[in-house]
Number of protein chains: 4
Amino acid sequence: MKYSTGIETKRKIIDATFQLMADKGFDALSIDDIMTSIGRTKGSFYVHFKSKEELLYEVMRTRLDRGHGQMAEEILEELSKDSCNVRSILEKVVAEIYANSGEDRLTWAFAYYHLLIHSRKNEFVREWLETNADQWSTFLNMIVKRGQELGQIRTDVDTQTITNICMGIVVGYDILFMLRPQIDFSEVNHIHDWMFINDDKSSEKE
Amino acid sequence: MKYSTGIETKRKIIDATFQLMADKGFDALSIDDIMTSIGRTKGSFYVHFKSKEELLYEVMRTRLDRGHGQMAEEILEELSKDSCNVRSILEKVVAEIYANSGEDRLTWAFAYYHLLIHSRKNEFVREWLETNADQWSTFLNMIVKRGQELGQIRTDVDTQTITNICMGIVVGYDILFMLRPQIDFSEVNHIHDWMFINDDKSSEKE
Amino acid sequence: MKYSTGIETKRKIIDATFQLMADKGFDALSIDDIMTSIGRTKGSFYVHFKSKEELLYEVMRTRLDRGHGQMAEEILEELSKDSCNVRSILEKVVAEIYANSGEDRLTWAFAYYHLLIHSRKNEFVREWLETNADQWSTFLNMIVKRGQELGQIRTDVDTQTITNICMGIVVGYDILFMLRPQIDFSEVNHIHDWMFINDDKSSEKE
Amino acid sequence: MKYSTGIETKRKIIDATFQLMADKGFDALSIDDIMTSIGRTKGSFYVHFKSKEELLYEVMRTRLDRGHGQMAEEILEELSKDSCNVRSILEKVVAEIYANSGEDRLTWAFAYYHLLIHSRKNEFVREWLETNADQWSTFLNMIVKRGQELGQIRTDVDTQTITNICMGIVVGYDILFMLRPQIDFSEVNHIHDWMFINDDKSSEKE
DNA sequence: AATGAATGAGGCTTCATTCAT
DNA sequence: TATGAATGAAGCCTCATTCAT
């Protein structure tokens, strides 16, 4: 199987890079490492990518994007309904983020935060991360604001602050997870007690 | 000033490394970069350190430790008092962590999380970070537990979970800070509303 | 136009190479450069040439030869006539050499002298160039000798020396031309004053 | 003798490069070739030069400059005298140019014309060559003009044209020399017959 | 303590060439 | 005929480390 299609090899390279960069970081990763890991030789890397940097961007685009595009749309639709339960929506979001909390999630986290760190010396990466973070922030902000409109979320703290705290805690658990992979992500739902106005349903999470 | 004292130069190397690694990360930093930045030449590095790795450990020990040893002791003493106000203690801790939220804090954050990422390929670093995190966790746990004993902190959520959430949010804000250095750290005090039992709802945050 | 005829493509490759090697030299030229410039892909190069070296020889043979075969024959015939005017013949030769002194001439010059330089490390090229130079030398020598026979060219300097000076000046102007493409080639005709015996001093150059 | 002085090694690198680039040209020359030839290893090249390009410029400056600064000054002084013999001055110039017509001269020629060819893709080199050529042209022009002032050189052909022909023939012989190293450089003095006005001495050179 | 020359390994990239399609 | 994936050698450059001074 010496000659495969370009698309196939390109995908393999991206996948291998994603896996490997979680361990060593992108810089410490050599093209030789990557190509050897997929049973090809160094030289053929350049058939598929113009440079190592281009590979990074491709990995970012296809493997590290925090978009969850699919979910986002469903939720926006759900939110528009009058009867929507914002608290359970937020719990669904958390569940989706931490879905697949196995090896792959850890890989994603290391790779992603590698990139965050890397961003200090690469303008492009920095901008991409900011955009990515902004999208998340906007998305969460929308949910929170809707919750406030519907009288489900407290209004004595302003929307953006609540959003920040939500993002902060999600991101914080990403990091704690890197240190202790056994951590239980569902814990983060506890802060909903704080955000949401206590009608009655304060007991049922986790 | 060709011959400075050994200790002096060693300290300069450590400081310069701390500053520089925030930008480029430790790996991407060359010994030449470091030595040039302090006006010395590459060769003399090895008078002070056995290897580049040793330097890293020294930087960790002297600049990255999250110990806040001084503060920790004061607080433990405070906690032992019957009349202590756990909420204000916790606010003091947050203030201390984010004290000096200027350039230096950013430097610390990049350097520290660089290290976290780096940890995947270095057992020693990994253990150091875990120890560091455990100390923090233990410290916070102690505060929370005391708060519960004194009836100031809710007890329907178990001590470790509350501790995790506290740590998570602190760490999360570190990360958000790297993306948007303008963020307002005092926001994190809002979650105290959730942890602390509403006697009179001390309304005084921020 | 995916399948052009073989000959057609081969010619395109040769032409493109001739153009491109004037800029970058043959070595610095990659097969990819060449093939891309004619809208084909690298792989198909080897349908037409066994190797890059073979291409060089083909370019030499078809584009760099200094033969001016056509002209040479006409001139030899002219020379055999008793009434021939050697001075005007020589002027015609110069005109032919420098005909088309535009972009293409510059291309030729760069490519040709690239080759001369290249010759130090390639025996075949070296021999080809020597042969080429010898043919020219022989050709000029024939003209000069005939001029001497007819009493038109001075005889106090030996035939070969006069020939050398003629060649030298032609070649020299090639080089000057590369440095300053505005140079006026017809200037070289002035040295005819020196070679030719002053009967009436045909004053008519340029 | 493992550790030599920087100056010494740097000079050796430059000399070796000058020698080797005559054979293979600068591009085809690898840093490994150069360093091996002086008994050092590749890595240490960068102790002395920032890049391969910097080496080229250094070689140009120290080994390829056509300045002949020393001679130039002497000649300018000589020219200022009323009694000066411009013809013999020009012969001295030719002698100086072609002095040492052995291996080293050939080396110089190949290296220099390599550079000329190379110039098409390097602006800096191109400018350096142009400057170099201009200096020569100016220098020769000065001699010719002085010869005309003194009534020794013909005035029916304009100064610049005579200068061009002189330069052309010198350069031309450089090239012929590369093809046939046995060529007799003193032949070029014959064209002085053409430039200089025949008082009497028209027979005696070579 | 400091210098700076030297080393050798390793990384990115280019490129002539081969080969299955 | 043409394509494009793959190869492997080679080149430039960086860098941690050693060592004589």
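**Reading a predicted two-chain contact**

Guide: Start with a caution: residues 201-206 of chain A stay under 50 in pLDDT (the predictor's confidence in each residue, from 0 to 100), and the model has 12 contacts beyond four places in sequence for this stretch, a contact being heavy atoms within 4.5 Å. This is a predicted model, where local features need pLDDT of at least 70, side-chain atom pairs count only at pLDDT 80 or more, and totals for chains, interfaces and linings use all residues. Residues are numbered from 1 along each chain as its sequence is written, chains are lettered from A, and side-chain values use heavy atoms, with hydrogens and water left out.

Visitor: What is the mean pLDDT of chain A?

Guide: Chain A has a mean of 88, and 93% of its residues reach 70 or more.

Visitor: How many residues does each chain give to the contact?

Guide: Chain A gives 43 residues and chain B gives 42.

Visitor: And how much area is buried between chain B and chain A?

Guide: Buried area is the accessible area (1.4 Å probe) that two parts lose on being put together, summed over both. Here that comes to about 3900 Å², with 65% from carbon and sulfur atoms. On the chain B side, Ile117(B), Arg120(B) and Leu179(B) lose the most area to chain A, together 20% of what that side buries.

Visitor: How many salt bridges are counted between the chains?

Guide: A salt bridge pairs a side-chain nitrogen of Lys or Arg with a carboxyl oxygen of Asp or Glu within 4 Å. The count between chain B and chain A is 4. One salt bridge joins Arg154(B) to Asp193(A), at 3.7 Å from N to O.
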